[in-house]
Amino acid sequence: MRENEEDMEITVYLADDNQIFRQAMIDTVPWKEMSCRLVGESGNGKTAYEEIDALEPDVAFLDIRMPGMSGLEIAGKLNEKNRACKVIIVTGYNDFTYAREGIRKGVFDFLLKPVDFDAIRNVVKRAREALVLERKEKNELETFRKTTGQYEEALRDMGMELRRKLLGDGINGSAEAAERLENLLRIGGGYSGYEIMIIQLPVLKKEQEENWIDRYIASWRSQLTNVQKGLGLQTVDAWMDEAMVVLVLFREVMITREYNIMAIRLARALVEKNVAEGHAEICISISNAYQGMNKLPVAYKEAVFAYNSRFFLENR
């Protein structure tokens with residue numbers, strides 16, 4: 001253990017219904033010398049539990065028998081709440097039954113009255129070591145979770161970028177890209193059918209701000225994500241020819257008409273959200289439904305034809 005860990009201050013609470021013994025513990029034990037700070041004391045078990053629960057001391061010395069609540073009962077309640085407090089039962093009863101019950105309730109150790117300084121110093125030293133170890137493990141676990149979460153998020157982002165790249169290549173006629181996209185989607189849970197949607201967005205003036213296109217695309221991808229979740233759909237998008245091309249995936253097996261209805265619902269929701277946020281008008285065109293990614297070029301051409309023919313959403 002490092003030097004600063006050995007000197008780490010720990011907070012201590014005392015509870016004993018014997019006022020003379022409790023005051024002797026407060027006045028005669030060299031708490032400061034042991035890098036301990038007393039944060040509270042009580043002669044009533046119920047009061048002690050409430051204050052320990054609120055103060056969350058590192059160590060609590062508790063009499064085994066007190067009015068209101070026993071030391072073992074307090075230990076049991078703290079254990080149920082998964083408190084880090086190290087409970088040390090101070091008792092005049094050298095009874096194995098108490099020790100067994102204490103172990104079950106998470107008691108750190110027992111001290112027999114009369115208590116000497118060496119016993120207190122030793123149990124405080126071991127309690128400090130246990131606290132340091134637990135805090136170290138907790139910090140390492142939090143760091144691991146944070147790192148793992150960042151890693152998983154990076155993997156998800158990389159996976160989505162790969163899907164977007166394969167979608168664009170598949171639309172442009174790459175059979176290999178279409179097959180790889182098909183395999184990735186099957187691994188990710190599969191789909192029963194898909195349609196291609198083209199969202200022709202209002203074009204911003206390029207001189208308005210630096211990197212405008214990246215922020216513009218990110219904003220629309222966020223809108224698409226929020227809307228698709230509400231409809232239980234999955235999508236993959238790609239930015240092509242100043243338009244957002246969206247692969248709308250359907251998980252459930254449905255008839256063609258139902259696929260069309262779901263795609264139209266998504267389109268309507270996007271239009272309504274766009275209007276509600278006061279943005280310029282958008283135009284959305286949709287292909288027929290297909291099952292294999294090898295049909296991506298066909299589906300894309302249908303959506304482009306629909307847009308070029310200016311088919312309105314309600315007349316699709």
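Start at Gly 189, just after helix α7, where phi is positive, at about 125 degrees. This is a predicted model.

Now step back into α7 itself. The helix covers residues 175-187, which makes 13 residues. From its first C-alpha to its last, α7 reaches 19 Å. That is close to the 18 Å expected at 1.5 Å a residue.

Which residues of α7 are buried? They are Ala 177, Ala 178, Leu 181, Glu 182 and Leu 185. Look down the axis of α7: the buried residues fall within an arc of 140 degrees, so they line one face of the helix. Turn to the other side of α7. There, Ala 175, Glu 176, Glu 179 and Ile 187 are exposed. Buried here means under 20% relative accessible area, and exposed means over 50%.

Next comes the sheet. It is open, has 5 strands and pairs them in parallel. The order is β2-β1-β3-β4-β5. Strands β2 (36-42) and β5 (109-112) stand at the edges. Each has a single partner strand, so one side of each is left without a neighbour in the sheet. From one strand to the next, the twist averages 20 degrees.

Follow one pair along the sheet. Strand β4, residues 86-91, pairs with β5 in the parallel sense over 4 bridges. Within this region, Thr 91 stands opposite Leu 112 in β5.

Helices pack on the sheet too. Helix α2 (residues 19-28) touches β1 (10-15), β2, β3 (59-63) and β4. The direction of α2 makes about 165 degrees with that of β2. Helix α3 (residues 45-55) also packs on the sheet, touching β1, β2 and β3. The direction of α3 makes about 170 degrees with that of β1.

Methods:
Residues are numbered from 1 along each chain as its sequence is written. This is a predicted model: local features need pLDDT of at least 70, side-chain atom pairs count only at pLDDT 80 or more; totals for chains, interfaces and linings use all residues. Side-chain values use heavy atoms; hydrogens and water are left out. Two strands pair if DSSP finds at least two bridges between them. Helices (H or I, at least four residues) and strands (E, at least two) are DSSP runs, numbered from the N terminus. Axes are lines fitted to C-alpha atoms, for helices over the stretch in contact, and angles run from 0 to 180 degrees between N-to-C directions. Contact means heavy atoms within 4.5 Å. The expected span of a helix is 1.5 Å times one less than its number of residues. Buried means under 20% relative accessible area, exposed over 50%, partly exposed in between (1.4 Å probe, protein chains only). The arc is that of the directions from the helix axis to the C-beta atoms.
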